[in-house]
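Let's take a walk through this protein together. Have the sequence and the 3D view at hand as we go.

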Amino acid sequence: MGKKIFKAESKRLMELMINSIYTNKEIFLREILSNASDALDKLHFISLTNEAVRERMGELKIKVSVDKESRTIIVTDNGIGMSAKELEENLGTIAKSGSYQFKTEVQDDEKPDIIGQFGVGFYSAFMISDNVTVTSRKYDSEKAYIWQSSGVDGYTIEESDSDKFGTQIVMHVKEDDEDNKYSDFLESYRIRSLIKKYSDYIRYPIKMDIEKSVNIAEEGKEPEYKTVTETETVNSMVPIWQRSKKEVTDTECAEYYKEKFYDFSDPLAVIRVDAEGVVCYKAMMFIPSRLPGGFYSKGYEKGLQLYSSGVLITDKCEKLLPDYFSFVKGVVDSSDLSLNISREMLQHDKQLAVIEKNIEKKIKSELLKMRDNDKAKYDEFWKLFGASIKIGVCSDFGMNKDFLKDLIMFYSSSEKSLVTLDSYVERMKEGQKYIYYACGSSVEQIDSLPQTELCKDKEYEILYLTEEYDEFIVQTLGKVGEKEFRSITAKDAELHSDEEKEKIEKQQAENQPLLDFIKDSLGDKIVKAIISDKLKSHPVCLSADGEITLEAEKYFAMMPGDDAKPKASKVLELNADSKAFDALKKAYAENNTSKAAEYAEILYNMALLIAGFNIEDPVKYCDLVCGLMN
Ligand code: ADP
């Protein structure tokens, strides 16, 4: 039989293989072993109904060997084998639909990545070899055939005198060049580690002859070493996530996690999924008990390992995890994902999306379980990864807020611990209209706010929002059930009874001229001065009138850039029952306007300090206070 040429698409794919980037090249072995494993599966299936095959079949296995002298890597399986026609059909063309997809959908600059991620099949052998021979005898055939090719220019198929059932692939490894040290692939340890890395969980034993130095001297005598060859099964065959929950202890899972994901501490939780539905898959996931390296930095890469029936497809499949769960580590293994790029890529995406949705729900439900059954652990989780969940609430225009809101916790004034929003609502007092929160740099700072005192007096619980973006989170959430959020510093915080309101309105009316005077003397610093309904023992506080809250002003002030930053419209609130107010009132009544103006200035600066702002002119403020002391 003469030389035949490859079909056009096959040629293209092969050229792509040959020119692929170096780091991708190592996956050739995964592809060849995966084909061998499929061939063993097929024969196993036939043997179930074919006694003759069953009897002569022996142990189904794959053998891998390397020979430096002849520069070859040989992979042998005793699987189903191929007839001459199948050699022609299978190795002379790449799958039809796939080649079409490949041409139309994949941009040139994406190609190398695709090779790394998805199976590219048999042709990947040409990434490292300049000549490949496939000798194969089909299980029901009298004869073996040999397929041979040195690359793009074509292939030959001839009869072989081999009598072995199954398939043997001999890859002649390319000579080293400037960019590539192909000879690495001729080192047993390298091949062995590639099997471990990519094909550890193939169901059949992958055997290699390993040379070992053993001591053959009798006991007590001088050691005498001899090199012996031992056959070793390199892969562990049954992955931990394929074993049932009952079979695998928590310690085993933790050990696996630590080894696989380079952590030295046990995970906070192990999440296992065994899904049968639109897409079947098994997953074993972990929530770390420490921040993964680089977490919360731009360079951090999320993702789960993706396997297809025990064969590693990609180390980090980012499609499987939403950003807010990017701290999760683990493995997904689905028999429904084809390893081959030639099965439509889009289909892949759909299946991955289904798995992602499932996984996301599962992670959430496990977290809720942790929250309800082991609060201390959940607190630990929250301290590490709460920010990730909170960012998830705000990003994508709040699209995921409903999904995530149950996971959120804030520190509570009454419980003195982190609490969930639902539990807050359950504890709300009769007549309490809003979920109250307060923003500040720390629990202590919020506790020193005048409004906090008033709230506590009413026995209304306050959520302490101590991160800069916390207020955006409650604003994004908007409501929990029917209950709205309200900042305790908001004008309409409604912390009062009707009598209290009446009293304040009266005080407001009585003191209107003084309040107007204060506004005039402070000028643009405030929009108005009012008698406060929030203050109990403190003389003053600030509140904001309008959209921009005091916390928002501070947040904007921290943003980079020299443009004018949005500012809150500040309202100076005064406690009509305080001594300080009395003093101000007295000075004003005595027509001592310069003194009254000084007092107003002092009170305004105090209000700034209490609200966590810097004062505009500290020296002037100190002079004023010292003036009082003299
Ligand atoms: P895929 O495995 O995704 O179909 P490949 O290019 O890797 O694509 O292989 C093409 C076909 O060649 C396989 O579908 C299979 O039928 C056949 N084949 C490859 N390797 C073997 C093998 N070791 N034994 C039997 N058949 C094989």
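How exposed is aspartate 41, going by its relative accessibility? It comes to 24%, so aspartate 41 counts as partly exposed. Keep in mind that what you're looking at is a predicted model.

Aspartate 41 has a partner, too. Its side chain meets that of arginine 203 in a salt bridge, at 2.5 Å from N to O. Arginine 203 sits in the loop between helix 8 (188–199) and strand 7 (206–215), while aspartate 41 belongs to helix 3 (residues 27–47), so this pair ties together parts that are 162 residues apart in sequence. Like its partner, arginine 203 has been given a label for its surface: with a relative accessibility of 41%, arginine 203 counts as partly exposed.

Now let's step back to the whole chain. The secondary structure adds up to 22 helices and 22 strands. The radius of gyration is 36 Å, well over the 25 Å that the globule rule gives for 630 residues, so the chain is more spread out than a compact globule. You can see that in the C-alpha trace, which spans about 120 × 55 × 55 Å along its principal axes. As for what's tucked away, 49% of the 630 residues count as buried.

Back to the charged pairs. The structure holds 46 salt bridges, and a couple of them sit within a single helix. Take glutamate 255 and lysine 258, whose closest N and O atoms are 3.5 Å apart in their salt bridge. The two are 3 residues apart in helix 9 (residues 250–260), which means that about one helical turn separates them. Glutamate 255 is partly exposed, its relative accessible area being 43%.

Another such pair is lysine 375 with aspartate 379, a salt bridge in which the closest N and O atoms are 2.9 Å apart. Both residues belong to helix 11 (residues 375–394), and they're 4 residues apart, about one turn of the helix. Lysine 375 is partly exposed, at 30% relative accessible area, whereas aspartate 379 is buried, at 16%. Salt bridges can also link up into a network, as happens with Glu26, Arg190 and Lys197.

What about the surface? One negative patch is formed by Asp498, Glu499, Glu502 and Glu505. Of these, glutamate 505 is found in helix 17 (residues 498–510), and its 55% relative accessibility makes it count as exposed. A nonpolar patch of about 270 Å² is made by Leu291, Tyr296 and Ile391. Leucine 291 lies in the loop between strand 10 (281–287) and strand 11 (304–308), and is partly exposed, with a relative accessible area of 37%.

The loop between strand 10 and strand 11 also holds glutamate 301. Glutamate 301 is exposed, at 53% relative accessible area. Its C-alpha atom is separated by 27 Å from that of proline 560, 259 residues apart along the chain.

One last stop: is aspartate 333 buried or exposed? Its relative accessibility is 3%, so aspartate 333 counts as buried. You'll find aspartate 333 in strand 13 (residues 329–333). From there to isoleucine 488 is 155 residues in sequence and 50 Å in space, C-alpha to C-alpha.

Notes:
Residues numbered from 1 in each chain as written. Predicted model: local features only at pLDDT ≥ 70, side-chain atom pairs only at ≥ 80, totals over all residues. Heavy atoms only, no water. Patch = residues over 30% accessible without salt bridge, like charges linked within 9 Å, V, L, I, M, F, W, Y side chains within 5 Å. Areas by Shrake-Rupley, 256 points an atom, 1.4 Å probe, with all protein chains shown as cover. Salt bridge = Lys/Arg side-chain N within 4 Å of Asp/Glu carboxyl O. Lys, Arg positive; Asp, Glu negative; His and termini not counted. Charge placed at Lys NZ, Arg CZ, Asp CG, Glu CD. Buried < 20%, exposed > 50% of the residue type's maximum accessible area, 1.4 Å probe, protein only. Rg over C-alpha atoms; globule rule 2.2 N^0.38 Å.
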